[in-house]
Amino acid sequence: AAPGGGGADGGDAFGVGAARAALRSSADGGDGEALARLEAAEAQAAHAEGLACWLPEWGREVLRRLLEALETQERAPKGGGGWQAAYMLVQQRATAALLWSQFTAATFDAALPELLSRLRRSSLSDATKHLGAHLAAATFARPVEALGRAVPAFARLLSTGAGEAVALRPLSDGEVVWLLSLLAQTVRNAGAALLPHLPLLRSLLCAAEERAAAGGGRKVGKAAYKLRRRLLGALLATFPADLRSLPPRLRPAAAARPWEAWGWLPPLHPPEAFGEAMEMEWHSPSPAEVAAAAEMCFASLERAEKLAAEVGAGGVDAVPEARLRRALLELRAVGKGALPHLADDGAAAPGGACLAELPEADAAFAGLPPLRQAIGISPEISRSSE
C-alpha cells in the first residue's frame, strides 16, 4: 500500500485506514474542512515515512552515546549522595530495556557486537551495573540471539579449554570479578534460552568458585555467588516476556509501516479489554528449566554435605576457611535464587512456580525442606515476599 493508504497489512491494523476512508468520503461530498484534514494527514504520513527510515540509525546513535557516557561514570559514593547514583541507575535500566526492546532484528544484530566490544574494557569497572543494564536489556529483548553471542564471548575472555575441562585464564581478581558481574547481569532475564548454554556456564562458575576457594580472593567468590543466584532466578522466576509497545498480532504490520503504529493505544475500558488487546506474554518456568535448577541446587547440597562430613570427622580447623565460605555462598545462592520462586502450594506463591502444579518440580525439589531448615528460611517463603 502507498504511504498513508492504510492497506490491509498497514494502517487498517491500527484503525488508521478506516479514519482516512471517512475523511475521503466527507471530502468527496464537498466538505472543505474534511479535505484540508485529509491533505494534512497525507502530508504527515509522508513526513513520518521519511523519518521512519532514519529510526534504526537514530537508535544505534542513542546506544553509542549511552555507552560512551559510561567512560566518565564515577563510582557511587559509599557515604552521602548514594541515592542520586541509585536513581540514575534505575533510569539507565529503564532506558536500556525500552531501547533494546524496540530494536528491529536487523538493528539488534548490528548493535549487539558494539555492546559486547565493551567487555574487554575493564576500565569501565566503575560502571559495571550500568553496562550490565544494557546486557540484561539485550537478553530480555532477544534472549536466544543475545546469549548465542554473549556466552561464547565471555567464555573466550574468562577461560581456556572446553566442556568440564574449563580453566580460568591468568587474570587479575579485578578482571575476573568484572567479567563474572557482567555475566550475571546478562543471564538474569534469559529463561529457557539458558538451557543450551548451561553446561558451559556451570563450568565457568565452578572454575571461578574453585579459584576463590583456593585463595583467589573474597570478591571472586562473591561475584560467583551472584552468578549462581542469577542463573537460578532466571530459570525459576515468572516475569513479563517483553516490553514492546505493540502486541504480537500488530508487529508484522508495524514492521512494514512503522509510522502507522505511532501513538497506538490499547482500550482502557473495560479492564479485561486492555489485557486482551496487549496479549501480554509471560515467562513461566518449564519442566526443563525446573529440572536444570534442581540439578544445580542438589549439586550444591552434595558439596555442602561432603564438607559437613569432613568437619564432623576432623573439626572445623580441618577445613580451610575458603572452602567453608564457598559452601555457605552456594547455599545462600540457592536460598535467594531458587526458594523465593517456589512454594509448597499454590496459595503461597501467586505468579511463581508451584510445586503442586509441576510434578517434575515436586520430584526434583523433594529434598529442599531440610535445606530450608538448615539455612533458616521459612517454608512459606514465596516470590510475593521479595
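Is Glu-114 buried or exposed in this structure? I will come to that residue in a moment, after a few words on what we are looking at.

This is a predicted model, in which local features need pLDDT of at least 70 and side-chain atom pairs count only at pLDDT 80 or more, while totals for chains, interfaces and linings use all residues. Residues are numbered from 1 along each chain as its sequence is written, and side-chain values use heavy atoms, with hydrogens and water left out.

To answer the opening question, Glu-114 is buried, with a relative accessible area of 18%, where buried means under 20%, exposed means over 50%, and partly exposed is in between, using a 1.4 Å probe and the protein chains only. The side chain of Glu-114 meets that of Arg-118 in a salt bridge, at 4.0 Å from N to O, and Arg-118 is itself buried, at 8% relative accessible area. By salt bridge I mean a side-chain nitrogen of Lys or Arg within 4 Å of a carboxyl oxygen of Asp or Glu.

Arg-118 leads us on to Leu-124, which lies in the loop between α5 (105–116) and α6 (128–141); helices here are DSSP runs of H or I with at least four residues, strands are runs of E with at least two, and both are numbered from the N terminus. Leu-124 is buried, with a relative accessible area of 2%. If we leave aside its neighbours within four places in sequence, Leu-124 is in contact with Leu-70, Glu-71, Arg-118, Leu-131 and Trp-178, contact meaning heavy atoms within 4.5 Å. Of these partners, Trp-178 is 54 residues away from Leu-124 along the chain, and yet their C-alpha atoms are separated by 8.9 Å.

Stepping back to the whole protein, the secondary structure comes to 16 helices and six strands, and of the 386 residues, 44% count as buried. Among contacts with a separation of 6 or more, residues 24 or more positions apart account for 75%.

Let me return to the salt bridges, of which the count comes to 14. Arg-64 forms one with Glu-61, the closest N and O atoms being 2.3 Å apart. Because Arg-64 and Glu-61 are three residues apart in helix α3, they are separated by about one helical turn. Arg-64 is partly exposed, at 28% relative accessible area, and Glu-61 also counts as partly exposed, at 28%.

A second example is the pair Glu-295 and Arg-202, whose side chains meet at 3.4 Å, N to O. This pair links distant parts of the chain, with Glu-295 in helix α13 (residues 287–314) and Arg-202 in helix α9, 93 residues apart. Glu-295 is exposed, with a relative accessible area of 52%, whereas Arg-202 counts as partly exposed, at 22%. There is also a network of salt bridges, which links Glu-209, Arg-228, Arg-303, Arg-326 and Glu-330.

Where, then, is there empty space inside the model? The structure holds one cavity of 30 Å³ or more, and about 100 Å³ of space lies in the largest cavity. Of the 13 residues that line it, the closest to its centre are Ala-212, Gly-221, Arg-325, Arg-326 and Leu-329. The elements that give two or more residues to this lining are α9 (198–216), α10 (218–236) and α14 (321–337), and α14 gives the most, with five residues. On a 1 Å grid over the protein atoms alone, a cavity is a set of points where a 1.4 Å probe fits but cannot get out, a pocket is an open set with protein on both sides within 12 Å along at least five of seven lines, and lining residues have an atom within 4 Å of a point. Grid points are joined across faces, edges and corners, and a volume is the space filled by probe spheres set on the points.

As for pockets, about 800 Å³ of space lies in the second largest one. Of the 23 residues lining this pocket, the closest to its centre are Leu-55, Gln-102, Phe-103, Thr-104 and Pro-258. The elements giving two or more residues to the lining of this pocket are α3, α4 (82–102) and α11 (251–256).

I will finish with His-197, which is found in the loop between α8 (173–186) and α9. His-197 counts as buried, at 18% relative accessibility, and beyond its neighbours within four places in sequence it is in contact with Leu-147, Gly-148 and Val-151.
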